[in-house]
Amino acid sequence: MKLSTVKEKLTVKTILLYVTFTALAVVSGGVFEGNIAFGLFVGAVYSANPIVATVVYLSSAVVYGWVNLLHAAVKAAVLLVFVGIHYFTKHKINKLTLLIYLVVANVFYVVYSFVDYFSLFDRCLYAAIGIAFSYVCIYVFRAVFVRGLNYRPALDETVCIGLLTAVASYSLSLITFGQLQLIYFVVPFAILFCVVCFSDKTALMGAVLIGIGNVFATGSYECCVYCVISALASVTLCKVNRYVGALSVLLVDVLMSYFLNLHGAFNMAVFAPTFASALVFVVVPTGVYRHVHDYCSGSAERYLSKSVVQKVGDTVSRRLYRLSDIFMSMKQAFFTMSAGAITPEEAEKGIVRQCSESVCRDCPSRAKCWRQDIAQTEQSLLQLGVCAVKRGKCSILDVPQALSVKCDRVSAMLSEVNEQAQIYRAYRERVEQADNGKTLLGEQMGGVSNLLMQLASDCKNRTGYDHTREQELVDSLVFHNVLCSGAVIAQQKEIVTVVLTVAKSDVDNETIEKVVSNVVKQSMAIERIESTESATWVNVFLNVRPRYNVTFGVSSVAKHGNEISGDTHTVTRTDNGKCIVALCDGMGSGDKAEQMSATSISLVESFYRAGFDNDTILSCVNKLLVGSGNEIFCAVDVVVLDLYNGLADFIKLGACAGLVKNDGKVEIVSGSSLPLGVLEEMKPSITKKALMGGDVVVLLSDGVADCFKDPVALARVFAEVSLNVPQSIADVILSKALKLCNNKPADDMTVVVAKIA
């Protein structure tokens, strides 16, 4: 049970609670020697400021004499001591502990001024009634003034509200002013209020409970009959007009007084309470009743909000589709904008033209070479151009014999050809870098376009709401003592999401998850908890618990003589229920390999978390490595596991064979692609497998694999490992590999083991 904070913020609900508590405490202060008021006090302590509740409780006890005040003061003091202890130690008071505290608080009342055993029995009975009524008040005040009635009260709360209604009627029926009975100042308004703000069934049940309370107090059935007939008349005539309904209550009073002598007399004075009560109902503006009705029923507002959410989803979907088209157009534009470098053939011909214009321009033999022997001259220079473009440089040995015999400027010709070849090579590198950048941007735009398309599809899908189970969920949580003010169960395709608004102090993962799972008939897990505008309430988001989970272990050692390993790894879960296990082996060792490996694995992880597909991720990372100019390549080994169905993609780029153990049998998963950063265009090796609980996946860097004769020998070692803990398995495999290389690893060694649970 939740204790209210001492510094409880003053709100409309708390003001209504104080007013209701004060009124009920005053009229019931003398009932059962003040024990009914004590029950109200306990309920108020759990729902409002304990200090204010104590002041109101003691003030109401003053009206009924100093003995009543003494009993109230002792009870309040004892209870507040226990409440204070729990408040400062930040521990909840459970139901059994509260019972003990209430019994202790009533000890003084029971034994004070002991006379005889008959009076002792009466006091024990009254104390028991007060203790039982304390639980009733806790549930009522919490349901009405803390959680609110925008959701239907749970069954136990409904029973407690009914009991409080009957007790309040009992207390009111005991108070009279001459011929005027206080109950008739309240009954007409209460019945009319229930008719216009709640359902007809609630109004009729409330009238019956008020009548029953009066029967127990007076032993007369006239008021009970009046309540029932007035409720029936109000339910019928308030549908025409609330003023007609108010008139009907007054008319029933007059007729019953005339024919059944309801008030014991028939004069204008006896009708004053009924008239005053109906008048108050008429004077209150219609908007007040409408607001209370909307708040209590809540259906229209909740349906409207969910309808608005659906419309907003459609609007967002259209905008995302448009954005997706824009990014796809940008992708095509970047691909089209690729300049395309001058081909080597065109460059070779350009070198010939440049040499004829620069070297041969003022040569005395120009006319002979470029007129009489033009074909031979062009062919000779073209051979030099081909050699220079192909190798980047040509020498005197590459000069054709025909050109060396007749040309006096061979050295100048070689210098010019080499210079032009260098210019062409630099030009080609610039163009390729620009084109690679445009292609990379284009692929990223395409990936973003696909993501937006998927988001648009998700937003467009209709979201279903299960209103019946929402109410059942609220009732179940309240029954398990978790204060819940609202719940939404949304289903889109096969995805079920539950959002709860619960009291911050009642966030109990095990209880909430268990109750929600029982209601929605699926295993649910808390995804996150978000604060609200109120310091008292939080929103709890639950999703379907994945069928599988992953535990992992990593064992690694750097190359002999190095302190830093060039191998990096990651194990991460994405928002769409997938687990990414990746191992990246930077070719070489030391700082540079570690830096490139860490960069690659970070990019791979970020892309997967963003939701990109395999081809887009690996293509983009590959182009980044190719364009880096560091000439450091990375072997990448990735396992993408869907935690909902166990389907896994084994993606290998230059990585050595991996291993999968199922029920003692080991399977080798190999790949044939080159590492990242070798070629601009690459195709990863992807193997699809269905995994299940108990399967163990092993990823290895080549430093480990090279220690074994072949993958079969490694698989044999793995099969002999009887351990089940991933970290222990990784340690055993690495230790066996180190033993084979005499504890002097020739390369960085890393073993990543993931177990499906």
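**Entry 1: cysteines**

I went looking for disulfides first, and the count comes to zero. This is a predicted model, so I keep in mind that what I read off here is computed. I checked cysteine 137 to see how far off it is from a partner. The nearest cysteine sulfur belongs to cysteine 160 and is 8.7 Å away, while a disulfide would need the two sulfur atoms within 2.5 Å. So cysteine 137 is in no disulfide.

Next I asked myself: is cysteine 137 buried or exposed? It is buried, with a relative accessible area of 0%. I looked up cysteine 584 too, and at 1% relative accessibility that residue counts as buried. The cut-off I used for both is under 20%.

**Entry 2: asparagine 49**

I moved on to a loop. Asparagine 49 sits between helix α2 (35–47) and helix α3 (50–62). Being in a loop, was it buried or exposed? I got 11% relative accessibility, so asparagine 49 counts as buried. I then checked its side chain and found one of its polar atoms 2.9 Å from the backbone nitrogen of isoleucine 51.

**Entry 3: a five-stranded sheet**

Now for the strands. I traced an open sheet of five strands, and wrote down the order as β8-β17-β16-β13-β14, with antiparallel pairing. Which strands stand at the edges? They are β8 (550–557) and β14 (665–669). Each has a single partner strand, so one side of each is left without a neighbour in the sheet. I also noted the twist: ignoring direction, neighbouring strands here are turned by 15° against each other on average.

I took a closer look at the β8 end. Its partner is β17 (residues 749–756), and the two pair in the antiparallel sense over eight bridges. Picking out one position, I saw valine 550 standing opposite isoleucine 756 of β17.

What lies across this part of the sheet? I found helix α27 (residues 726–740) there, lying across β8, β16 (696–700) and β17. Against β8 the helix runs at about 25°.

**Entry 4: histidine 560**

Last, I followed the chain on from β8 into the loop that leads to β9 (567–573), where histidine 560 has its place. I wanted to know what histidine 560 touches beyond residues up to four places away in sequence, and the answer was Lys744 and Pro745. I also checked asparagine 743, which is 183 residues from histidine 560 along the chain. The C-alpha atoms of these two are separated by 8.3 Å.

Terms used: Residues numbered from 1 in each chain as written. Predicted model: local features only at pLDDT ≥ 70, side-chain atom pairs only at ≥ 80, totals over all residues. Heavy atoms only, no water. Pairing = 2+ DSSP bridges. Helix = DSSP H or I, 4+ residues; strand = E, 2+ residues; numbered from the N terminus. Axes fitted to C-alpha atoms, helices over the stretch in contact; angles between N-to-C directions. Contact = heavy atoms within 4.5 Å. Buried < 20%, exposed > 50% of the residue type's maximum accessible area, 1.4 Å probe, protein only. Polar contact = N/O pair within 3.5 Å; in protein donor to acceptor, adjacent residues only side chain to side chain.
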